[in-house]
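The following paragraphs explain how contacts between side chains relate to the strands that carry them. The reader is invited to follow the account with the coordinates at hand.

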Amino acid sequence: MLPSTDFSETFLDVDLGETYHINHVVIHVPYNAYGYKIFVSDDGTNYKQVCDLSTANAGGVMNCPVGDDMGRYVRVAYVKGQYAGTCTEIEVHGWKFSSE
């Protein structure tokens, strides 16, 4: 995570090590936390937004069904809100990409 007071620049990247079909991301955050966006990337540089939780106020567990996007990197960006920037766990669900 990058230290910042501007939450539009604060994020956590996860390198899955290989390319996966990603169909669901779950983040665990403090109660009443909100202001998150989820991005996926093949190269760790060019990211595509797959989920906008910036207005969700679920707290605890936030679910993000992303369809069937492919990527090696998942970014959880903290864009606003109370407790933004606090994430205790990230679950990435999907299956390994195979070119065979």
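**Contacts across a five-stranded sheet**

A search of the whole structure, which is a predicted model, yields one aromatic pair. The partners are Tyr-36 and Tyr-78, arranged edge-to-face, with 5.3 Å from centre to centre and 85 degrees between the planes. Tyr-36 belongs to strand E2 and Tyr-78 to strand E4, so that the contact links distant parts of the chain, 42 residues apart. Both rings are shielded: Tyr-36 is buried, with a relative accessible area of 0%, and Tyr-78 is buried as well, at 1%.

The strands that hold these rings belong to an open sheet of five strands, ordered E3-E2-E4-E1-E5 and paired in antiparallel fashion. Its edges are formed by E3 and E5, each of which pairs on one side only. On average, and with direction ignored, neighbouring strands of the sheet are turned by 20 degrees against each other. At the E3 edge, strand E2 (residues 36-41) is joined to E3 by six bridges, and the two run antiparallel. Within this pairing, Lys-37 stands opposite Asp-52 in E3.

Strand E3 also takes part in a covalent link. The whole structure contains one disulfide, formed by Cys-51 and Cys-64 with their sulfur atoms 2.2 Å apart. Cys-51 lies in strand E3 (residues 47-53) and Cys-64 in strand E4, 13 residues apart, and the pair links distant parts of the chain. Both cysteines are buried.

Charged side chains supply a further set of contacts. Side chains of opposite charge can pair when their charged atoms come close. Four salt bridges are found in a search of the whole structure, and three of them are described here, beginning with the pair Arg-75 and Asp-13, whose side chains meet at 2.7 Å, N to O. Arg-75 is in strand E4 (residues 60-78) and Asp-13 in strand E1 (residues 10-29), so that parts of the chain 62 residues apart are linked. How accessible is Arg-75, buried or exposed? With a relative accessibility of 17%, Arg-75 counts as buried because the limit for that class is under 20%. Asp-13, at 33%, counts as partly exposed.

Arg-75 has aromatic neighbours as well. This arginine lies over the face of Phe-11, at 3.7 Å from the ring centre, and also over the face of Tyr-47, at 4.0 Å from the ring centre. The residue thus combines a salt bridge to Asp-13 with positions over the rings of Phe-11 and Tyr-47.

Another salt bridge joins Arg-72 to Asp-15, with the closest N and O atoms 2.7 Å apart. Because Arg-72 lies in strand E4 and Asp-15 in strand E1, this pair ties together parts that are 57 residues apart in sequence. Arg-72 is partly exposed, with a relative accessible area of 28%, and Asp-15 is partly exposed at 41%.

The remaining bridge of this account involves the edge strand E5. Here the side chains of Lys-96 and Glu-18 meet at 3.0 Å, N to O. Lys-96 lies in strand E5 (residues 89-96) and Glu-18 in strand E1, so the contact ties together parts that are 78 residues apart in sequence. Lys-96 counts as partly exposed at 46% relative accessibility, and Glu-18 is partly exposed, with a relative accessible area of 38%.

Notes. Residues are numbered from 1 along each chain as its sequence is written. This is a predicted model: local features need pLDDT of at least 70, side-chain atom pairs count only at pLDDT 80 or more; totals for chains, interfaces and linings use all residues. Side-chain values use heavy atoms; hydrogens and water are left out. Helices (H or I, at least four residues) and strands (E, at least two) are DSSP runs, numbered from the N terminus. Buried means under 20% relative accessible area, exposed over 50%, partly exposed in between (1.4 Å probe, protein chains only). A disulfide is a pair of cysteine sulfur atoms within 2.5 Å. Two strands pair if DSSP finds at least two bridges between them. Axes are lines fitted to C-alpha atoms, for helices over the stretch in contact, and angles run from 0 to 180 degrees between N-to-C directions. Rings of Phe, Tyr and Trp (its six-membered ring) pair if their centres lie within 6.5 Å; planes under 30 degrees apart count as stacked, over 60 as edge-to-face and the rest as tilted. A charge sits over a ring if NZ of Lys or CZ of Arg is within 6 Å of the ring centre and within 35 degrees of the ring normal.
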